[in-house]
Amino acid sequence: TSSGTTYLRARSSSGCWSDARTVSYTVDQGPAEPPMPTIDNSACGSTVLTRANPPSGHTYYWQSSATGTSTTNTSTTATRTSGTSYYLRSRNNTTLCWGPARTITYSVKVLPGVPLNPTVDVPGCEVVTLKRILY
């Protein structure tokens, strides 16, 4: 999980060891978790999530799961009309390594249902009475 050096040696069936070969390696570190987006749920029926700009060489992607690796949604905002969780992940554009997902918990103000048709009463000329139906 981290860069370093290790050594590799061969051993014969008679028990003799070779000289050691030095092997240096580098582990590409994934990007950091993106910062928390702003959450605007002031509108009824939708919530808008707005992310920050990623650091140079990285791209932020909206995901439907914490382990998602979809590269289709890089918009600055994501509008949610249902659900309670969405995710944002960063990917290094050079190494293609993914960072951990930022979990965004939000709520959507539910729109009320369309009212039922009222009853229409025409008791006489030039008068119409509408009576609403209670749920």
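**Figure 1. Overall architecture of the predicted chain.** Read from the N terminus, the elements of the chain form the pattern β-β-β-β-β-β-β-β-β-β. The radius of gyration is 30 Å, well over the 14 Å that the globule rule gives for 135 residues, so the chain is more spread out than a compact globule. Its ten strands are accompanied by zero helices. The model is predicted. Along the principal axes, the C-alpha atoms fill a box of roughly 115 × 35 × 20 Å. Buried residues make up 21% of the 135 residues of the chain. Of the contacts between residues at least 6 apart in sequence, 47% join residues at least 24 apart.

**Figure 2. Surface and charge of the chain.** The accessible surface comes to about 9500 Å². Carbon and sulfur atoms account for 52% of this surface. The chain carries 11 positive and 6 negative charges. A distance of 13 Å separates the mean position of the positive charges from that of the negative charges.

**Figure 3. Surroundings of Thr 47 in strand 4.** Thr 47 belongs to strand 4, which covers residues 47-50. Thr 47 has a relative accessible area of 0% and is therefore buried, the limit being under 20%. Its side chain reaches the backbone oxygen of Ser 107 at 2.5 Å. Leaving out residues up to four places away in sequence, Thr 47 touches three runs of the chain: Ile 39, Asp 40 and Asn 41; Ala 78, Thr 79 and Arg 80; and Tyr 106, Ser 107 and Val 108. Ser 107 thus appears both as a contact of Thr 47 and as the residue whose backbone oxygen the Thr 47 side chain reaches.

**Figure 4. Gly 45 in the loop that leads to strand 4.** Gly 45 is located in the loop between strand 3 (38-40) and strand 4. With a relative accessibility of 19%, Gly 45 counts as buried, because the limit is under 20%. Gly 45 and Val 108 are 63 residues apart along the chain, and their C-alpha atoms are separated by 6.0 Å. Beyond residues up to four places away in sequence, Gly 45 touches Arg 80, Thr 81, Val 108, Lys 109 and Leu 111. Arg 80 and Val 108 are also among the residues touched by Thr 47.

**Figure 5. Gln 63 and its partners.** Gln 63 is part of strand 5, residues 58-63. Its relative accessibility is 2%, and Gln 63 counts as buried. A polar atom of the Gln 63 side chain lies 2.7 Å from the backbone oxygen of Ser 70. The C-alpha atoms of Gln 63 and Tyr 87 are separated by 4.9 Å, although these residues are 24 apart along the chain. Outside the neighbours within four places in sequence, Gln 63 is in contact with Gly 68, Thr 69, Ser 70, Tyr 86, Tyr 87, Arg 89 and Trp 98.

**Figure 6. Arg 91 and the loop residue Leu 96.** Arg 91 is placed in strand 7, residues 85-92. At a relative accessible area of 18%, Arg 91 is buried. Its contacts, not counting residues up to four places away in sequence, include Pro 31, Gly 57, His 58, Thr 59, Tyr 61 and Thr 71. Leu 96, Cys 97 and Trp 98 are also touched by Arg 91. Leu 96 lies in the loop between strand 7 and strand 8 (102-105). Leu 96 counts as partly exposed, with a relative accessibility of 47%. Although Leu 96 is not a glycine, its phi is positive, at about 65 degrees.

**Figure 7. Glu 126 between strands 9 and 10.** Glu 126 occupies the loop between strand 9 (119-124) and strand 10 (127-131). A relative accessibility of 86% makes Glu 126 exposed. The phi of Glu 126 is near 60 degrees, a positive value in a residue other than glycine.

**Figure 8. Val 23 in strand 2.** Val 23 sits in strand 2, which spans residues 21-25. Its relative accessible area is 30%, and Val 23 is partly exposed. Residues up to four places away in sequence aside, Val 23 touches Gly 4, Thr 5, Thr 6 and Leu 8. Val 23 and Thr 95 are 72 residues apart in sequence, and their C-alpha atoms are 21 Å apart in space.

Conventions. Residues numbered from 1 in each chain as written. Predicted model: local features only at pLDDT ≥ 70, side-chain atom pairs only at ≥ 80, totals over all residues. Heavy atoms only, no water. Helix = DSSP H or I, 4+ residues; strand = E, 2+ residues; numbered from the N terminus. Rg over C-alpha atoms; globule rule 2.2 N^0.38 Å. Buried < 20%, exposed > 50% of the residue type's maximum accessible area, 1.4 Å probe, protein only. Contact = heavy atoms within 4.5 Å. Areas by Shrake-Rupley, 256 points an atom, 1.4 Å probe, with all protein chains shown as cover. Lys, Arg positive; Asp, Glu negative; His and termini not counted. Charge placed at Lys NZ, Arg CZ, Asp CG, Glu CD. Polar contact = N/O pair within 3.5 Å; in protein donor to acceptor, adjacent residues only side chain to side chain.
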